[in-house]
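Morning, everyone. I'd like to talk about empty space inside a protein today. Please have the structure up on your screens.

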Amino acid sequence: MSADQETIQDVFSSFFTEQTGPESARNSMPLGFDAKAWERLSETGAPGMGVSLPAGGGASLSDLVIVAEEAGAKIAPLPIIDHVVATRILENLDSLEPEVLTGTLLAGLAIRPVENGVAKSVPTGSIANRLIALDEDKLLLINDEPPNKSLPNHGDLPIAHRGINGATVISEGTEATEVFERGLNEWKTLISAFLVGITRSSIEMTVDYVKERHQFGKPIGSFQSIQHGLADLPGLYDGARLLVNKAAWAGDREITGEINLTDNEISDFATLSSMSLIFAGETSLQATDRGLHYHGGYGFSEEYDIQLFYRRARAWSQILNSPSDECLLLADLLLEDNGVK
Amino acid sequence: MDFELSQKAIDFRSQVKKFISENLTSEITLKMHETGTFNDKSFNESLAAEGLLAGAVPGYGDRDPVELYLLFNELEKAGAPYDGLAVTMLVAGVINAVGTEFHREEVLNKLLTGKHNCCLGYSEPDYGSDVASIITKAEKIENRWVINGQKMWTTMAHESDWVLLLTRTNSDVPKHKGMTMFLVPMNTPGIEIQPVATMASERTNATFYDNVEVEDQWRLGEIDDGWSVMGVALALERGVMGGTNPAVPLLKHVLNWAETTPSENKSLMIDNALMRERIARTAIINQVGQLLTLRAAWIAATGGMPGVEGSMAKIYASEEYQKVVGWFQQMAGAEGLLSFGAEDAAASGWIDYDARHAPVTTIYGGTSEINRNNIAERHLGLPRNR
Ligand SMILES: Cc1cc2nc3c(=O)[nH]c(=O)nc-3n(C[C@H](O)[C@H](O)[C@H](O)COP(=O)(O)OP(=O)(O)OC[C@H]3O[C@@H](n4cnc5c(N)ncnc54)[C@H](O)[C@@H]3O)c2cc1C
């Protein structure tokens with residue numbers, strides 16, 4: 001990490017600790033959005049940080065990964081990832097409004113293509129004022145009033161379906177699909193980083209808990225079955241973090257096509273972002289699963305934080321598609337140059 | 001950590017790749033699986049002649065540990081016989097760290113020619129994970145030592161010129177404080193080697209030491225301080241010297257097989273959705289194994305000791321390898337049981353081979369449990385449970 005990136009980490013770690021965290025996550029239910037914290041975040045300029053330097057941003061994907069991990073570590077109920085990815089797409093297509101850049105208007109991404117005129121289960125669907133959606137080969141900007149009411153869901157996210165009536169077309173043809181594709185790969189990378197943050201906090205929280213909680217006259221963390229259940233997690237966390245950072249590195253360099261499956265040399269951005277989402281997703285499931293279990297009955301109670309992390313890990317790791325389907329997409333990328341379809 | 005290798009490292013890797021493509025013949029791999037000895041002296045010698053071995057000694061000279069990682073990673077991916085070389089270079093690293101001028105001249109310099117091998121004599125019949133309890137005894141008589149006892153799993157003993165031997169020199173102190181390390185020439189009278197066959201093709205040995213006499217100059221490290229020497233050896237071993245990408249050659253064999261093997265409805269195995277999902281997952285596992293290893297090498301390259309990080313890479317790679325092997329063996333059905341040379345063997349017998357080999361990877365080099373203890377205590381700060 002460069003010195004600049006260390007500063008980014010410090011700043012955002014403090015911000016999300018002070019302004020968000022489990023309490024903010026609880027208080028923003030059932031909408032799944034903390035409007036006050038978003039206002040504060042907007043004061044820092046963060047919503048616009050992902051656009052180009054001349055437009056007032058300048059953060060690389062690698063920088064944004066740091067922000068996303070810190071957001072995940074505090075399960076911040078803020079659409080910072082979707083918003084930042086949307087601003088990058090909009091800038092690319094000369095459609096960036098100043099109110100979006102400042103965060104006054106919330107922007108998001110319908111991550112799955114529109115079907116029959118509806119973008120389903122959009123992760124920022126209930127709150128986004130501007131929503132980018134792909135309908136066949138047209139890129140749409142949905143700009144009607146958000147419902148401000150979320151579909152009740154596993155991860156307390158601001159999910160809603162959105163219709164495309166009145167949406168404007170901002171791009172068409174290969175440009176539209178390519179821009180969307182690139183944006184989606186950035187989204188996968190950043191959501192992976194968010195999941196890495198969830199994993200980190202779950203490990204920390206659980207290790208603290210097993211040192212404190214006593215049974216049979218000693219800390220439960222002295223029982224070997226618990227130690228071993230936890231000991232697998234740091235390697236998974238580090239592995240996921242490295243993979244996500246590698247994806248961002250490839251994304252910043254716009255590396256495409258470098259895939260040598262049989263030699264295990266892969267620097268293609270699309271491939272690495274897909275790998276990251278699958279792996280960071282699975283890692284977060286395992287970390288939160290063991291974490292919740294080692295909290296015993298308290299882990300299952302509303303009052304303890306681990307269940308918030310547990311549910312968000314599941315939500316973010318499969319809101320785009322089932323991990324098995326993501327693996328099939330990944331296999332297509334990996335096997336394309338292998339002479340097979 | 002930088003994902004871009006330095007130009008020097010990239011050049012080094014190309015050199016290794018070129019060497020492998022020119023020198024690793026199918027005869028060499030065939031012989032290695034027929035004999036069970038994953039060591040080929042003439043291959044090692046050519047590596048040395050090419051100038052590739054000096055960088056393979058951890059901590060030696062001004063070579064970057066990233067190069068050490070690259071060498072063993074390329075050998076592993078290519079399915080080359082490198083087990084003997086890894087152990088030998090590890091001993092070279094230990095000598096470099098704690099050896100005397102005599103050890104350097106008599107052993108280290110010779111090891112760098114690729115003509116000689118070393119083996120590790122730590123484990124005993126009754127002490128494996130609890131290696132600090134070993135009882136093979138060394139007694140000092142004037143300026144000589146007399147060694148008596150038995151070691152188990154002394155892999156490569158039959159190929160080696162020296163054994164790095166952990167002995168008990170004091171039984172009146174706590175167990176960690178009464179051991180001494182030796183480099184014992186294998187041609188010393190009183191040493192006997194008996195082969196031990198395994199369920200995979202690899203061979204190992206039991207070694208016996210009956211009044212084996214060596215001069216004090218063969219002692220490595222201080223008297224009763226053998227445990228510190230072990231610490232150096234373990235820190236050098238973990239992570240960067242191969243063993244963290246075993247599913248790379250496996251995947252290559254599986255792909256060859258899946259692209260030519262019929263599945264249901266006239267399609268090929270490679271079109272099967274479950275097969276594709278598993279290929280994708282294996283590719284992720286291979287990437288993560290590589291990144292965790294590279295990270296350990298990176299820490300070493302920047303002056304750190306990647307003890308815990310090596311444990312993480314080792315557990316991850318070996319546990320996942322077993323999972324992957326299980327997937328592909330089951331997908332191959334009956335033909336996944338057929339061995340090298342058998343008609344219709346899936347992946348020419350490689351699936352059967354990997355399925356036989358995989359179980360040992362979570363046992364040797366420190367079992368998964370021992371590595372988990374290490375991570376739980378040293379990384380997570382949980383109370384010691386032994
Ligand atoms: C093919 C092969 C090659 C080898 N090569 C060498 C070599 O060259 N040189 C050498 O010195 N050794 C070598 N070994 C030995 C190897 O290092 C040991 O097998 C290993 O350390 C485990 O010891 P053990 O076999 O005695 O099993 P044990 O120590 O008896 O372990 C049995 C089981 O108990 C578990 N266990 C033990 N202690 C604990 C604990 N504290 N907490 C939880 N679980 C525990 C273990 O994880 C394992 O699952 C080799 C082994 C094999 C199989």
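A word on terms before the results. A cavity here is a set of grid points where a 1.4 Å probe fits but cannot get out. Keep in mind that this is a predicted model.

So how many cavities of 30 Å³ or more does a search of the whole structure find? There are 3.

Start with the largest cavity. Its volume is about 240 Å³. Its lining is made up of 23 residues. Which of them lie nearest the centre? Those are Ala76(A), Pro77(A), Leu78(A), Leu157(A) and Trp316(A). Now the elements. In chain A, helix 5 (80–92), helix 7 (173–212) and helix 12 (306–318) each give two or more residues to this lining. Helix 5 of chain A supplies the largest share, with 3 residues. What about chemistry? By class, the lining of the largest cavity splits into 16 nonpolar, 4 polar and 3 charged residues.

On to the second largest cavity. This one holds about 50 Å³ of space. Its lining consists of Leu64(A), Val67(A), Ala68(A), Ile80(A), Ile81(A), Val84(A) and Leu190(A). Two or more of these residues come from helix 4 (61–73), and two or more from helix 5, both in chain A. By class, the count is 7 nonpolar, no polar and no charged residues.

Let me put the two linings side by side. Helix 5 of chain A gives residues to the largest cavity, and helix 5 of chain A also contributes to the second largest. Charged residues number 3 in the lining of the largest cavity, while the second largest has no charged residues.

That's the tour. Over to you.

Key:
Residues are numbered from 1 along each chain as its sequence is written. Chains are lettered from A and ligands numbered from 1 in the order in which they are written. This is a predicted model: local features need pLDDT of at least 70, side-chain atom pairs count only at pLDDT 80 or more; totals for chains, interfaces and linings use all residues. Side-chain values use heavy atoms; hydrogens and water are left out. On a 1 Å grid over the protein atoms alone, a cavity is a set of points where a 1.4 Å probe fits but cannot get out, and a pocket is an open set with protein on both sides within 12 Å along at least five of seven lines; lining residues have an atom within 4 Å of a point. Grid points are joined across faces, edges and corners, and a volume is the space filled by probe spheres set on the points. Helices (H or I, at least four residues) and strands (E, at least two) are DSSP runs, numbered from the N terminus. Ala, Val, Leu, Ile, Met, Phe, Trp, Tyr, Cys and Pro count as nonpolar, Asp, Glu, Lys and Arg as charged, and the others, Gly among them, as polar.
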